[in-house]
Number of protein chains: 2
Amino acid sequence: MSETQNEAPAQVVIVGGGVIGLATAWRTLGRGLTVTVIDPFPAGAGAQARADAGAAASAEVGAGQASRVAAGMLPAGNEMMYDNSDLMNLCLASRAFYPSFTAELEADAGLPAGYRRDGLLEIAYGDVDVAVLNRILNFVEPLGVKVEQLTASQCLELEPELAPEVQAGLYAPEDGSVDPRQLTAALVAGIERLGGTVLRASATEVLIDGDRATGVRLADGRVVSGEQIVLAAGCWTNQLKGIPAGVVPEVRPVKGEVLRLRSERPFLRRTIRGLVDGSSVYLVPRADGELVIGATYLDRGYDTTVTAGGLAQLLRRASTLLPGIGDLEFAEFSAGLRPTTVDELPVLGATRVPGLLLATGHSRIGIQLAPISGDIMAQILATGEAPELAASFSPLRFS
Amino acid sequence: MSETQNEAPAQVVIVGGGVIGLATAWRTLGRGLTVTVIDPFPAGAGAQARADAGAAASAEVGAGQASRVAAGMLPAGNEMMYDNSDLMNLCLASRAFYPSFTAELEADAGLPAGYRRDGLLEIAYGDVDVAVLNRILNFVEPLGVKVEQLTASQCLELEPELAPEVQAGLYAPEDGSVDPRQLTAALVAGIERLGGTVLRASATEVLIDGDRATGVRLADGRVVSGEQIVLAAGCWTNQLKGIPAGVVPEVRPVKGEVLRLRSERPFLRRTIRGLVDGSSVYLVPRADGELVIGATYLDRGYDTTVTAGGLAQLLRRASTLLPGIGDLEFAEFSAGLRPTTVDELPVLGATRVPGLLLATGHSRIGIQLAPISGDIMAQILATGEAPELAASFSPLRFS
């Protein structure tokens, strides 16, 4: 190994090119540190390869990457927040940060970040679903989130494709969505414009010298040295060799299947989250006519196959809410592996190994939390101090 | 154009590398004539390219090719036969020919032809469907087709994955299926082994000298001369330039969407055709674990997009009959364009232009009719005489 040519060292080396690793890299470069991101298939670069080669490249982007598959819905409220005010504050901070984060990113990257703040409509289809809407309303209104109660006919006015049977709605005009494929592509471009490196390579081992993390070994034997090493490899974070026992908590994969349909003109005007007799489905439109429908939630380990049952479930729920989707073109059905910790909360910050940090465990809300997570990590990397907002999410909570 | 290098002439030039063109070519070579098949994406070669390159090549095989998409169910009876005894006789002749046709092909090609004569199970799910089963029984039994009536529990014994609600079944132990991708790959190999040429090129024009067809012009200007020209280009047959008006009947595309699922071990033991409250669905298993589910039937011109509605329909019908398919992996959803004439019957034989023949219009039963169609065309090409069996299918019936 000693004869292998090594990569240039960086102050910060980040393992993982999903939205969390890339957001961390871009914010850290903004604070003047040198950064290298390591990923065999960085999420944004994968999107670019796909765009270049059509369907051809789809088998070659990283299977199971949560950032590549995510729909990118950005609701203010979320059932994950209800029981945890620290997570709620983190989500609200990320929500407040999204507009300036993406505007600044677009200026850096020269690419669209795919952010849309054009309204999010929550729909209750059945009687039982109306109660859930009321729970959401009662939760988010006191937080200062702008939200209006809608009658069925007001819902149909906003989105004429809705089934006439819908019962009621909630409209959040200041929420919306982001296209994770555009966002990650913009992050890769922003990183490279600021002088950072996105290395298309597989990291296999964290190098520890004495008790300090000093770099990362790649699959081909090369070494990337760094003063601080951030593991942001989602559910693959624990698979790196060289990490002392107990330093990285369990981050298990939770599979989510997502369906992509397509029409010439957008089928929906804005993002819809629907409750259909107690089951949830969300539909995120893109300006180019893509309609992203999510998502299943399955504990199946690292299996990334997509199933007939998941497909049938999404189609059934979506077409109950929006009967007209039957005419849309089928475009893609794929699965992402959401990195999920035992307490289902993110892991952000320093471990007990000096120089080794974590940024993962965002489960279903990694896209929502990307701006604030990147910013928190950048602050920790640049100053050594975690902001108050991040206190509950320290990796040390598991030891 | 005159400076362009031309292809070697052949006695028979066939435009179209679907199952009908390829079967015609292989049988004609067997009669000692020289043959060139022209197709930008010959069906079997497409399958090979896909196998070589994984999903990558799927966008590059001919979009809409009926032979590439077809499931390959080979039932003895078919609603298309009921009103037409000539079509019925053609179907029965092809059915009788399948075993020796595929055995001989495998010997020539050195590749499996994918033929399975391991039983076909017709299932009635609802009360109304039992009447249809009886109609099938009353139709095929007098023709000498071996068929047994089954109770619901006998059906479940044969195929344990069937829903317990099924009402009754018909079992045809001497019927089965063929894998059209294997069959066409074997035909391409068989043609090349017998000295035929499969030219990966687009034919654009039929060349007429005086009143006689003399060859075909390719998109790049090259010419392939032949003594007899067979148009077997499915629903693209009328799109060739140079054909005098009224010689080629209308052959319109009828879109069929087909779903492919996958499991490690075959989910079904044999082909099932199910009637679900008046709607039909069929499921054809392959030895490698693929399960092919067909098919929608849509008059949408040359549009080859696949729709959410078609997908939902096939999934709904199939999972009503076989609830366990939800666990199977989603593999492919694609559409073929079935070449369909005004009277919905095949067109086989000589036109009124000397040297110009047709072999197309097989609509939904091209895979079933491929052996007999290839054989009929070979006889006509070699002897100038059409067998009695083909009399009703002459292109001259339209003029």
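This is a short dialogue on how to read a predicted model with chains A and B.

Colleague: Let's start where the chains meet. How many residues of chain A and of chain B take part in the contact?

Modeller: There are 17 residues from chain A and 17 residues from chain B. Keep in mind that the model is predicted. Between them the two chains bury about 1,400 Å², and 73% of that is on carbon and sulfur atoms.

Colleague: Which residues of chain A lose the most area to chain B?

Modeller: Those are A308(A), L315(A) and F330(A), which together account for 34% of what the chain A side buries. Now look at the elements that carry the chain A side. Helix 8 (308–321) and strand 18 (329–340) of chain A each supply at least two residues. Helix 8 gives the most, with five residues.

Colleague: What kinds of residue make up that side of chain A?

Modeller: Sort the residues of chain A that touch chain B and you get eleven nonpolar, four polar and two charged.

Colleague: How many salt bridges and polar contacts cross between chain A and chain B?

Modeller: The rule finds zero salt bridges across this interface. For polar contacts, the count is six residue pairs, both partners at pLDDT 80 or more.

Colleague: Okay, so where should I look for salt bridges, and what's the idea behind them?

Modeller: Side chains of opposite charge can pair when their charged atoms come close. Over all chains, the count here comes to 38 salt bridges. Try D118(A) and R116(A), whose side chains meet at 2.8 Å, N to O.

Colleague: Are D118(A) and R116(A) buried or partly exposed?

Modeller: D118(A) is partly exposed, with a relative accessible area of 28%. R116(A) is partly exposed too, at 22%. The cut-off you need is that buried means under 20%.

Colleague: Which parts of chain B does the salt bridge of E332(B) and R68(B) tie together?

Modeller: E332(B) sits in strand 18 (residues 329–340) and R68(B) in helix 3 (residues 66–69) of chain B, so the pair ties together parts that are 264 residues apart in sequence. The closest N and O atoms of E332(B) and R68(B) are 3.8 Å apart. E332(B) is buried, with a relative accessible area of 19%, and R68(B) is buried at 7%.

Colleague: What about E290(B) and R260(B), where do they lie?

Modeller: E290(B) is in strand 17 (residues 290–294) and R260(B) in strand 14 (residues 252–262) of chain B, 30 residues apart. Their side chains meet in a salt bridge at 3.7 Å, N to O. E290(B) is buried at 16% relative accessible area, and R260(B) is buried at 1%. Over in chain A, you can find a network of salt bridges that links D179(A), R260(A), R286(A) and E290(A).

Colleague: On to rings. Why does the pair Y98(A) and Y115(A) count as stacked?

Modeller: For a pair of rings, look at the distance between centres and the angle between planes; planes under 30 degrees apart count as stacked. By this rule there are 13 aromatic pairs over all chains. The rings of Y98(A) and Y115(A) have centres 5.3 Å apart and planes at 15°, so this pair is stacked. Y98(A) belongs to helix 4 (residues 85–109) and Y115(A) to strand 5 (residues 115–116) of chain A, so the pair ties together parts that are 17 residues apart in sequence. Y98(A) is buried at 2% relative accessibility, while Y115(A) is partly exposed at 23%.

Colleague: And at what angle do the rings of W26(B) and F101(B) lie?

Modeller: Their planes are at 90° and their centres 5.1 Å apart, so that pair is edge-to-face. W26(B) lies in helix 1 (residues 19–30) and F101(B) in helix 4 (residues 85–109) of chain B, so the two tie together parts that are 75 residues apart in sequence. W26(B) is buried at 2%, and F101(B) is buried at 1%.

Colleague: Which residues form the aromatic cluster in chain A?

Modeller: W26(A), F97(A), Y98(A), F101(A) and Y115(A) form one cluster.

Colleague: One last residue: what is L29(B) in contact with?

Modeller: Set aside its neighbours within four places in sequence, and L29(B) is in contact with V35(B), I191(B), L194(B), G195(B) and G196(B). L29(B) lies in helix 1 of chain B and is buried, with a relative accessible area of 9%.

Methods
Residues numbered from 1 in each chain as written. Chains lettered and ligands numbered in written order. Predicted model: local features only at pLDDT ≥ 70, side-chain atom pairs only at ≥ 80, totals over all residues. Heavy atoms only, no water. Contact = heavy atoms within 4.5 Å. Buried area = accessible area lost by both parts, 1.4 Å probe. Salt bridge = Lys/Arg side-chain N within 4 Å of Asp/Glu carboxyl O. Polar contact = N/O pair within 3.5 Å; in protein donor to acceptor, adjacent residues only side chain to side chain. Helix = DSSP H or I, 4+ residues; strand = E, 2+ residues; numbered from the N terminus. Nonpolar A, V, L, I, M, F, W, Y, C, P; charged D, E, K, R; others polar. Phe/Tyr/Trp six-rings, centres within 6.5 Å; stacked < 30°, edge-to-face > 60°. Buried < 20%, exposed > 50% of the residue type's maximum accessible area, 1.4 Å probe, protein only.
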